[in-house]
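Thank you all for making time this morning. I would like to walk you through the strands of one structure, so please have the sequence and the model ready as I go.

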Amino acid sequence: QVELSESGGGLVQAGDSLRLSCLFSGRTFSLYVMGWFRQAPGKERELVAQITSGGSTSAADSVKGRFTLSRDHAKNMVYLQMNSLKPEDTAIYYCAAKHTSTAEYDYWGQGTQVTVSS
């Protein structure tokens, strides 16, 4: 069973940076696509960015140029570096994983709150 554990959220001011971390355990990390989602109050959950086993990334238009996703296979970690944060980035951020053979994300972390004040 895959387990995901996020850390790194917090309260920051607009323009600040944060790095979210996600620890993957339970299965072979290299067989999973990793993603970060977020959900703001009253809004649907949205995909922020995802990264393949080979390191190819994609990101939502709203965060391109500001957020960078990376993974460390030696540590089974995924990192979301968030720069130039805006109040509209305020949300609960979730780490997620899906096997390379599946279309949907199957495994989710508990979430970490990111709050950006103006």
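Before I use the word "pair", let me say what I intend by it: two strands pair if DSSP finds at least two bridges between them. Please also keep in mind that what you see is a predicted model.

With that in hand, let us begin at strand 7 and strand 8, the latter covering residues 77–82, which pair in the antiparallel sense over six bridges. If you look along this pairing, you will find S70 standing opposite Y79 in strand 8.

These two strands belong to an open sheet of four strands, whose order is 1-3-8-7 and whose pairing is antiparallel. At the edges lie strand 1, residues 3–7, and strand 7, residues 67–72, each of which pairs on one side only. From one strand to the next, the twist of the sheet averages 15°.

Let me turn now to the hairpins. Strand 4, residues 32–39, runs antiparallel to strand 5, residues 46–51, and five bridges join them; within this pairing, R38 stands opposite E46 in strand 5. Six residues lie between the two strands of this hairpin, and in the turn G42 has a positive phi of about 80°.

Strand 5 is also joined, by three bridges and again in the antiparallel sense, to strand 6, which spans residues 57–59, and here I51 is the residue opposite T57 in strand 6. Which residue takes a positive phi in the hairpin of strand 5 and strand 6? That residue is G55, with a phi near 100°, in a hairpin that has five residues between its strands.

Note on methods. Residues are numbered from 1 along each chain as its sequence is written. This is a predicted model: local features need pLDDT of at least 70, side-chain atom pairs count only at pLDDT 80 or more; totals for chains, interfaces and linings use all residues. Side-chain values use heavy atoms; hydrogens and water are left out. Axes are lines fitted to C-alpha atoms, for helices over the stretch in contact, and angles run from 0 to 180 degrees between N-to-C directions.
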